[in-house]
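Student: I am new to this structure and would like to be guided through it by questions. May we begin once it is displayed?

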Amino acid sequence: MLLHTVNKSPFEKNSLDTCLRLSAPGSCILLIEDGVYAALAGGAFAAQLQDGMRARKLYAIDADLQARGLDPAGLIDGVEVIDYRGFVELATRCDQVQSWF
């Protein structure tokens, strides 16, 4: 299983789009830093993420949401909010980590 991390806002770069196109079913995608903006329910990228979540698990870092004033309750259903400890556990469960900048 591969863990993909996306740290750029989808409004700034196409890293998320590329990640979703190239990641294999069964992969995990972790939104970090400005990447968490993509997970907003009703946002411009909600439909794309919901489609991607049919075959992938999506996570977001709680501290990055808080730092940007985003409420976890406002995220797309199915996005799992994790802390840094959860990030480490996720990274150790996965065979490899691919970062998308």
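**Guided questions on the fold**

Student: To start with the loops, is E33 buried, partly exposed or exposed?

Tutor: Some conventions come first: this is a predicted model, in which local features need pLDDT of at least 70 and side-chain atom pairs count only at pLDDT 80 or more, while totals for chains, interfaces and linings use all residues. Residues are numbered from 1 along each chain as its sequence is written, and side-chain values use heavy atoms, with hydrogens and water left out. Buried means under 20% relative accessible area, exposed over 50%, and partly exposed in between, with a 1.4 Å probe and protein chains only. Because E33 has a relative accessible area of 37%, its class is partly exposed.

Student: Where does E33 lie, and what is its phi?

Tutor: E33 belongs to the loop between β2 (28–31) and α2 (46–52); helices (H or I, at least four residues) and strands (E, at least two) are DSSP runs, numbered from the N terminus. Most residues other than glycine have a negative phi. E33 is a residue other than glycine with a positive phi, near 50°.

Student: In what order do the strands of the open sheet stand?

Tutor: The open sheet is formed by 5 strands, and their pairing is parallel; two strands pair if DSSP finds at least two bridges between them. β2 and β3, for instance, are joined by 4 bridges, and L31 stands opposite A60 in β3. The order is β4-β3-β2-β1-β5.

Student: Which strands stand at the edges of the sheet?

Tutor: An edge strand has a single partner strand, so one side of it is left without a neighbour in the sheet. The strands in this position are β4 (80–82) and β5 (96–100).

Student: By what angle are neighbouring strands of this sheet turned against each other on average?

Tutor: Axes are lines fitted to C-alpha atoms, for helices over the stretch in contact, and angles run from 0 to 180 degrees between N-to-C directions. For neighbouring strands of this sheet the direction is ignored, and the average is 25°.

Student: How many residues has the largest nonpolar core, and which element gives the most to it?

Tutor: A nonpolar core is a set of buried Ala, Val, Leu, Ile, Met, Phe, Trp, Tyr and Cys residues joined through side-chain atoms within 4.5 Å. The largest one has 20 residues, and those with the most contacts inside it include V6, L16, I29 and L49. At least two residues come from each of α1 (15–22), β2, α2 and β3 (57–61). With 3 residues, the element that gives the most is α1.

Student: Which residues of α1 are buried?

Tutor: The cover over the buried residues of α1 includes β1, β2, α2 and β5. The residues beneath it are S15, L16, T18, C19 and L20.

Student: What relative accessible area does I29 have?

Tutor: I29 is found in strand β2. Beyond its neighbours within four places in sequence, I29 has contacts (heavy atoms within 4.5 Å) with residues including H4, V6, C19, L20 and L58. I29 counts as buried because its relative accessible area is 2%.

Student: Which side chain forms a polar contact with that of T5?

Tutor: T5 is found in strand β1 (residues 2–6) and is buried, at 5% relative accessibility. A polar contact is a pair of N or O atoms within 3.5 Å; within protein, one must be able to donate a hydrogen and the other to accept it, and residues adjacent in sequence count only if both atoms are side-chain atoms. At 3.1 Å, the partner of T5 is S99.

Student: How far is the backbone oxygen of F101 from a polar atom of the side chain of K13?

Tutor: K13 lies in the loop between β1 and α1 and is partly exposed, at 36% relative accessibility. Not counting residues up to four places away in sequence, K13 touches K8 and F101. The distance in question is 3.4 Å.

Student: How many disulfides does a search of the whole structure find?

Tutor: A disulfide is a pair of cysteine sulfur atoms within 2.5 Å. The sulfur of C94 is 4.5 Å from the closest cysteine sulfur, in C28, and is therefore too far away for a bond. C28 is buried at 4% relative accessibility, and C94 is buried at 7%. The number of disulfides found is 0.
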